[in-house]
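Here are my notes for anyone opening this one fresh. Have the structure up beside you as you read.

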Amino acid sequence: MINSTQTIRILSIDESFDSLGVKIVSGYCSFSHYSKDGVVEETLSYRAKGAPAMSISSEQNTGVAIGYLDLRVIDNGTYKSKVVTLVIRSFVPTVTVVESEVQNPTPTQASPVKKPQPRENRELVGVEATTSNGKGRLSTLDDIPF
């Protein structure tokens with residue numbers, strides 16, 4: 001079994017139900033990958049059953065598909081061909097933004113940072129360091145003989 005996790009775009013959906021009433025979807029999807037020619041878009045057949053089928057048949061047409069690649073060998077007499085189908089075990093719909101939907105944001109002015117106001121009656125406070133002499137009382141640094 002060849003596990004696969006990829007972002008796909010659903011191209012077609014064929015819906016059906018099994019004898020227990022569980023939804024089954026199949027059709028074609030596309031995914032992109034890089035090659036020496038740049039970004040290449042490939043088409044692949046898929047199928048899903050149950051909860052992933054419900055996610056695929058919703059309004060979202062792109063998402064992350066997690067599943068495995070099913071290889072079927074078809075013997076035509078003179079040659080054998082392999083048909084690859086993506087069996088989707090989990091599908092997470094994602095939101096895509098079409099370039100025409102993107103609007104140029106208007107620049108906004110950043111609100112000025114408020115500086116703390118100076119207080120009128122500020123005083124410096126002196127701190128005296130103290131240490132414990134081991135007998136349960138504190139002594140100041142002036143009491144230490146060195």
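How many bridges join strand β3 to strand β4, and which way do the two run?

1. Start with that pair, keeping in mind that this is a predicted model. Strand β3 covers residues 23-35 and strand β4 covers residues 38-49. The two run antiparallel, and twelve bridges join them. If you want a spot to check the register, look at I24, which stands opposite K49 in β4. The link from β3 to β4 is a hairpin that passes through two residues.

2. Now step back to the whole chain. The protein has one helix and eight strands. Read from the N terminus, the order is β-β-β-β-α-β-β-β-β.

3. β4 has a second partner to look at. Strand β6, residues 80-93, runs parallel to β4, and four bridges join the two. Find S45 and you'll see it standing opposite T85 in β6.

4. From S45, move over to L69, which lies in strand β5 (residues 62-75). L69 and S45 are 24 residues apart in sequence, and their C-alpha atoms are 9.9 Å apart in space. Setting aside residues up to four places away in sequence, L69 touches I2, S4, L44, V84, T85 and L86. So T85, which stands opposite S45, turns up again among the residues that L69 touches.

5. Is L69 buried, exposed or partly exposed? Its relative accessibility is 22%, and buried means under 20%, so L69 counts as partly exposed.

6. Next, the largest nonpolar core, which has 13 residues. The members that touch the most other members are I8, Y46, I56, L86 and I88. Several elements chip in: β1 (2-10), β3, β4, α1 (51-56) and β6 each supply at least two residues of this core. As background, nonpolar side chains in soluble globular proteins tend to be buried together.

7. I8 deserves a click of its own. Which residues is I8 in contact with, leaving aside its neighbours within four places in sequence? They are C29, S30, F31, N61, T62, G63, A65, L86, I88 and F91. L86 is on that list, and L86 is also touched by L69.

8. Last, some totals. Of the 146 residues of the protein, 19% count as buried. The protein exposes about 12100 Å², and carbon and sulfur atoms supply 53% of that area. Among contacts with a separation of 6 or more, 48% come from residues 24 or more positions apart.

How values were computed:
Residues numbered from 1 in each chain as written. Predicted model: local features only at pLDDT ≥ 70, side-chain atom pairs only at ≥ 80, totals over all residues. Heavy atoms only, no water. Pairing = 2+ DSSP bridges. Buried < 20%, exposed > 50% of the residue type's maximum accessible area, 1.4 Å probe, protein only. Contact = heavy atoms within 4.5 Å. Areas by Shrake-Rupley, 256 points an atom, 1.4 Å probe, with all protein chains shown as cover. Core = buried A, V, L, I, M, F, W, Y, C linked by side-chain atoms within 4.5 Å.
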